[in-house]
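Welcome! Here are some short exercises to work through with the model open beside you. Try each task before you read its solution.

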Amino acid sequence: MPTTALFVGSFDPFHRGHADIIERSLKLFDHVVVGIGINPDKHYRQTAEERRHAIACHYAHEPRVSVVKYDDMTVDLARRVGATCIVKGVRNAADYEYESRQASYNRQASGIETILLPATPELADISSTKIKQQQ
(Lines give C-alpha, C1' and ligand atoms only; values in the text may rest on other atoms or scores of the structure.)
Protein backbone atom coordinates (compact mmCIF):
# COMPACT_ATOMS: atom_id res chain seq x y z
CA MET A 1 0.00 0.00 0.00
CA PRO A 2 1.53 3.36 -1.01
CA THR A 3 2.17 5.80 1.80
CA THR A 4 1.67 9.54 1.64
CA ALA A 5 3.13 12.13 3.98
CA LEU A 6 1.88 15.68 4.35
CA PHE A 7 4.45 18.43 4.96
CA VAL A 8 2.81 21.75 5.78
CA GLY A 9 3.96 25.31 6.32
CA SER A 10 3.73 28.82 4.96
CA PHE A 11 6.96 28.43 2.95
CA ASP A 12 7.40 32.21 2.72
CA PRO A 13 9.98 31.79 1.35
CA PHE A 14 10.73 28.15 0.55
CA HIS A 15 14.35 27.40 1.51
CA ARG A 16 17.00 24.67 1.77
CA GLY A 17 15.76 23.56 5.18
CA HIS A 18 12.31 22.86 3.75
CA ALA A 19 13.83 21.03 0.77
CA ASP A 20 15.90 18.89 3.13
CA ILE A 21 12.79 17.76 5.03
CA ILE A 22 11.02 16.91 1.77
CA GLU A 23 13.99 14.95 0.42
CA ARG A 24 14.39 13.03 3.68
CA SER A 25 10.65 12.33 3.74
CA LEU A 26 10.86 10.83 0.26
CA LYS A 27 13.15 8.17 1.74
CA LEU A 28 10.38 7.21 4.19
CA PHE A 29 7.20 7.64 2.11
CA ASP A 30 6.09 6.92 -1.44
CA HIS A 31 4.64 10.39 -1.92
CA VAL A 32 4.98 13.77 -0.18
CA VAL A 33 2.28 16.40 -0.43
CA VAL A 34 3.52 19.90 0.38
CA GLY A 35 0.63 21.87 1.86
CA ILE A 36 0.93 25.64 1.71
CA GLY A 37 -1.15 27.04 4.53
CA ILE A 38 -3.06 30.24 3.94
CA ASN A 39 -3.76 32.30 7.04
CA PRO A 40 -5.73 35.50 6.32
CA ASP A 41 -4.27 37.08 9.45
CA LYS A 42 -0.67 36.75 8.21
CA HIS A 43 1.07 38.99 5.71
CA TYR A 44 3.11 37.13 3.11
CA ARG A 45 5.72 38.44 0.69
CA GLN A 46 4.51 36.09 -2.03
CA THR A 47 0.98 34.98 -2.81
CA ALA A 48 0.05 31.39 -2.05
CA GLU A 49 -0.06 30.71 -5.78
CA GLU A 50 3.47 32.11 -6.26
CA ARG A 51 4.74 29.92 -3.43
CA ARG A 52 2.90 26.87 -4.82
CA HIS A 53 4.31 27.50 -8.29
CA ALA A 54 7.90 27.97 -7.02
CA ILE A 55 7.86 24.73 -5.04
CA ALA A 56 6.16 22.81 -7.86
CA CYS A 57 8.83 24.04 -10.29
CA HIS A 58 11.58 23.04 -7.85
CA TYR A 59 10.16 19.49 -7.80
CA ALA A 60 9.06 19.29 -11.44
CA HIS A 61 11.56 16.43 -11.88
CA GLU A 62 10.12 14.49 -8.91
CA PRO A 63 6.68 12.98 -9.56
CA ARG A 64 6.43 11.82 -5.94
CA VAL A 65 6.04 15.42 -4.73
CA SER A 66 2.86 17.42 -5.19
CA VAL A 67 2.04 20.88 -3.93
CA VAL A 68 -1.35 22.20 -2.82
CA LYS A 69 -2.71 25.29 -1.08
CA TYR A 70 -5.15 25.04 1.81
CA ASP A 71 -6.96 27.32 4.22
CA ASP A 72 -8.65 24.85 6.55
CA MET A 73 -7.41 22.50 9.24
CA THR A 74 -4.25 20.52 8.52
CA VAL A 75 -5.96 17.26 9.51
CA ASP A 76 -8.72 17.97 6.98
CA LEU A 77 -6.13 18.40 4.25
CA ALA A 78 -4.40 15.20 5.42
CA ARG A 79 -7.65 13.31 5.00
CA ARG A 80 -8.31 14.82 1.55
CA VAL A 81 -4.89 13.85 0.20
CA GLY A 82 -4.88 10.43 1.86
CA ALA A 83 -1.89 11.18 4.08
CA THR A 84 -0.91 8.46 6.49
CA CYS A 85 1.32 10.86 8.39
CA ILE A 86 2.13 14.54 8.88
CA VAL A 87 5.83 15.41 8.74
CA LYS A 88 7.25 18.47 10.48
CA GLY A 89 10.81 19.72 10.72
CA VAL A 90 12.14 20.90 14.08
CA ARG A 91 15.20 23.12 14.45
CA ASN A 92 15.39 23.52 18.20
CA ALA A 93 13.71 22.82 21.55
CA ALA A 94 11.11 25.56 21.06
CA ASP A 95 10.10 24.08 17.68
CA TYR A 96 9.96 20.62 19.26
CA GLU A 97 7.71 21.78 22.09
CA TYR A 98 5.32 23.61 19.75
CA GLU A 99 5.19 20.82 17.16
CA SER A 100 4.72 18.15 19.85
CA ARG A 101 1.60 19.95 21.08
CA GLN A 102 0.32 20.24 17.51
CA ALA A 103 1.04 16.56 16.89
CA SER A 104 -0.93 15.60 19.99
CA TYR A 105 -3.87 17.72 18.91
CA ASN A 106 -3.81 16.33 15.37
CA ARG A 107 -3.67 12.74 16.65
CA GLN A 108 -6.59 13.32 19.03
CA ALA A 109 -8.63 15.10 16.35
CA SER A 110 -8.00 12.65 13.53
CA GLY A 111 -5.88 9.69 14.52
CA ILE A 112 -3.18 10.87 12.10
CA GLU A 113 0.33 10.58 13.49
CA THR A 114 3.05 13.19 13.11
CA ILE A 115 6.73 12.49 12.59
CA LEU A 116 9.10 15.21 13.78
CA LEU A 117 12.34 15.28 11.79
CA PRO A 118 15.21 17.15 13.42
CA ALA A 119 16.85 19.68 11.15
CA THR A 120 20.13 18.72 9.55
CA PRO A 121 22.66 20.54 11.79
CA GLU A 122 24.10 22.78 9.07
CA LEU A 123 20.57 23.89 8.12
CA ALA A 124 19.16 24.35 11.63
CA ASP A 125 19.77 28.10 11.67
CA ILE A 126 17.82 28.72 8.46
CA SER A 127 14.32 30.07 8.85
CA SER A 128 11.95 31.96 6.58
CA THR A 129 11.81 34.77 9.16
CA LYS A 130 15.61 35.20 9.15
CA ILE A 131 15.72 35.12 5.35
CA LYS A 132 13.08 37.87 5.16
CA GLN A 133 14.97 39.97 7.72
CA GLN A 134 18.16 39.75 5.64
CA GLN A 135 16.46 40.89 2.44
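In helix 1, the buried residues are Gly17, His18, Ala19, Asp20, Ile21, Ile22 and Ser25. Keep in mind as you explore that this is a predicted model.

**Exercise 1. Helix 1 and its surroundings**

Task: Find out how many of the residues of helix 1 are buried, and what this says about its place in the structure.

Solution:
- Start with the list above, which includes Ile21 and Ile22.
- Set it against the length of the helix: 7 of its 10 residues are buried.
- Helix 1 is therefore largely enclosed by the rest of the structure.

**Exercise 2. The residue just before the helix**

Task: Locate His15, and decide whether it is buried or exposed.

Solution:
- Look in the loop that runs between strand 1 (4-9) and helix 1 (16-25), where His15 is found.
- Check its relative accessible area, which is 11%.
- Buried means under 20%, so His15 is buried.
- Now follow its side chain: it reaches the backbone nitrogen of Gly17 at 3.0 Å. Gly17 is one of the buried residues of helix 1.

**Exercise 3. The nonpolar cores**

Task: Identify the residues with the most contacts inside the largest nonpolar core, and the elements that give two or more residues to this core.

Solution:
- The largest nonpolar core has 18 residues, and Ile22, Val34 and Ile55 are those with the most contacts inside it.
- Strand 1, helix 1, strand 2 (31-37), strand 3 (65-70) and strand 4 (85-90) each give two or more residues to this core.
- Another core, of 9 residues, lies apart from it; Val33, Tyr70, Ala78 and Ile112 are among its members.
- Next, zoom in on Ile55. Leaving aside neighbours within four places in sequence, Ile55 is in contact with Phe11, Phe14, Val34, Ile36 and Val67.
- For background, nonpolar side chains tend to be buried together in soluble globular proteins.

**Exercise 4. Two cysteines**

Task: Work out how many disulfides the structure holds, then describe the surroundings of Cys57 and Cys85.

Solution:
- The number of disulfides is 0.
- Cys57 has a relative accessible area of 46%, so it is partly exposed.
- Cys85 has a relative accessibility of 5%, so it counts as buried.

**Exercise 5. Salt bridges around Glu49**

Task: Trace which residues are joined with Glu49 into one network of salt bridges.

Solution:
- A search of the whole structure finds 10 salt bridges.
- One of them pairs Glu49 with Arg52, at 2.8 Å from N to O. Because these two are 3 residues apart in helix 2 (residues 48-58), about one helical turn separates them.
- Glu49 also forms a salt bridge with Lys69, with the closest N and O atoms 3.2 Å apart. This pair links distant parts of the chain, since Glu49 is in helix 2 and Lys69 in strand 3, 20 residues apart.
- Consider exposure too: Glu49 is partly exposed at 34%, Arg52 is partly exposed at 23%, and Lys69 is partly exposed at 38%.
- For another example, see Arg80 and Asp72, whose side chains meet in a salt bridge at 2.6 Å, N to O. Arg80 counts as exposed at 52%, whereas Asp72 is partly exposed at 31%.
- Back to the task: shared partners join Glu49, Arg52 and Lys69 into one network.

Terms used
Residues numbered from 1 in each chain as written. Predicted model: local features only at pLDDT ≥ 70, side-chain atom pairs only at ≥ 80, totals over all residues. Heavy atoms only, no water. Helix = DSSP H or I, 4+ residues; strand = E, 2+ residues; numbered from the N terminus. Buried < 20%, exposed > 50% of the residue type's maximum accessible area, 1.4 Å probe, protein only. Polar contact = N/O pair within 3.5 Å; in protein donor to acceptor, adjacent residues only side chain to side chain. Core = buried A, V, L, I, M, F, W, Y, C linked by side-chain atoms within 4.5 Å. Contact = heavy atoms within 4.5 Å. Disulfide = S-S within 2.5 Å. Salt bridge = Lys/Arg side-chain N within 4 Å of Asp/Glu carboxyl O.
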